[in-house]
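Biologist: I should like to learn how to read a ligand site and a sheet in a model. Where shall we begin?

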Amino acid sequence: MSISVTTYLDSIRERDRVFDLVAPQADKRLEIKNGCMLYVEDVSVSFDGFKAINNLNLYIDEGELRCIIGPNGAGKTTMMDIITGKTKPDTGTAYFGQKINLLEMSEPEIAQAGIGRKFQKPTVFEEQSVFDNLELAMAGPRGVLPTLFSKLKGEQKDHIEQVMVQIGLQEHSMARSGALSHGQKQWLEIGMLLMQNPRLLLVDEPVAGMTHQEMDRTAELLTSLAGKHSVIVVEHDMDFVRSIAKKVTVLHQGSVLAEGSMDQIQSDARVKEVYLGE
Ligand SMILES: Nc1ncnc2c1ncn2[C@@H]1O[C@H](COP(=O)(O)OP(=O)(O)OP(=O)(O)O)[C@@H](O)[C@H]1O
């Protein structure tokens, strides 16, 4: 008898887990004090003796939109790789909120905890519609099978609709994603991240290859995400950075060279030297 009760309880727990799979929730351990969402402290990593990241310190506030710039090889990608678990540093610490130790977690675990990353190249499912891509993205790193075999709940449909409005693709809901413009694909991918309710979004070179109009729209979109989400944007296009940035961090040789408003950054002699000609 006790075995069947246990089995019954297990099946309920199993069902809860399946529900979790289709409706990801932010990590309950995420605890934010003093408004700080991400702490990267004294982080270093070497590749074959070359220090790609060198005593890096970075703090991102809740709801902040931070732009990270830096010349080629400054360590921007490696920094994002460390935050998202792709690369483990040799020394230092990285915490999401007060309690979540990112250095002890795998990439999928970090994504599930609420850190989403958008790579430069869009990876939408070209044969699927905008709506279907967003629906599939709800599964995220948890796998698409539960999503395919579950019926959408009303609130999940609402979430998809709301994200479609946010990324400006509501009129393209049933369009094949492969037929979208480059900019629209980038927005769809941001939308796919949003389906997983991330608290922190890392966005790599969002406007590369975009038209001016698409860049303006992307600026609006990223600005609108700040507040509800913390957003880190790595971007080379200075005009774009100027259009969205409140606070800018300049990376150079794996460390923070300067941090401040765009005006402060642009008048910094060390930054000018690093960016000679830009
Ligand atoms: N897996 C690796 N093995 C060896 N060297 C690496 C590896 N990853 C990065 N590096 C080196 O570390 C340095 C920092 O690279 P990273 O890609 O983080 O810079 P970045 O600021 O993103 O540059 P870019 O703006 O060109 O994308 C570079 O010199 C790069 O060659």
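Modeller: This is a predicted model. Let us begin with the ligand: helix 2 gives the most to the shell around it, with 3 residues.

Biologist: Which elements each supply at least two residues of the shell around the ligand?

Modeller: Strand 2 (50–61) and helix 2 (76–83) do so. The ligand's surroundings include F47, F50 and A52, the run from P71 through N72, G73, A74 and G75 to K76, and also T77, T78 and H236.

Biologist: How do the residues of this shell divide into nonpolar, polar and charged?

Modeller: There are 5 nonpolar, 6 polar and 1 charged.

Biologist: Which polar side-chain atoms lie by an oxygen atom of the ligand, and at what distance?

Modeller: A pair of N or O atoms within 3.5 Å is read as a polar contact. A polar side-chain atom of N72 is 3.2 Å from a ligand oxygen, and one of H236 is 3.0 Å from a ligand oxygen. For K76, a side-chain N or O atom lies 2.8 Å from an oxygen atom of the ligand. On its own the ligand has 640 Å² of accessible area, of which the protein covers 60%.

Biologist: How should I read the sheet?

Modeller: Strands of a sheet pair through backbone hydrogen bonds, in a parallel or an antiparallel sense. Here, 4 strands form an open sheet in the order 2-1-4-5, with antiparallel pairing.

Biologist: Why is one side of strand 2 and of strand 5 left without a neighbour in the sheet?

Modeller: Strand 2 and strand 5 (100–101) stand at the edges and each has a single partner strand, so one side of each lacks a neighbour there. Strand 5 pairs with strand 4 (residues 91–96) in the antiparallel sense over 2 bridges, and F96 stands opposite I100 in strand 5.

Terms used:
Residues are numbered from 1 along each chain as its sequence is written. This is a predicted model: local features need pLDDT of at least 70, side-chain atom pairs count only at pLDDT 80 or more; totals for chains, interfaces and linings use all residues. Side-chain values use heavy atoms; hydrogens and water are left out. A residue is near a molecule or strand if one of its heavy atoms lies within 4 Å of it. A polar contact is a pair of N or O atoms within 3.5 Å; within protein, one must be able to donate a hydrogen and the other to accept it, and residues adjacent in sequence count only if both atoms are side-chain atoms. Accessible areas come from the Shrake-Rupley method with a 1.4 Å probe; for residues, only the protein chains shown count as cover. Ala, Val, Leu, Ile, Met, Phe, Trp, Tyr, Cys and Pro count as nonpolar, Asp, Glu, Lys and Arg as charged, and the others, Gly among them, as polar. Two strands pair if DSSP finds at least two bridges between them.
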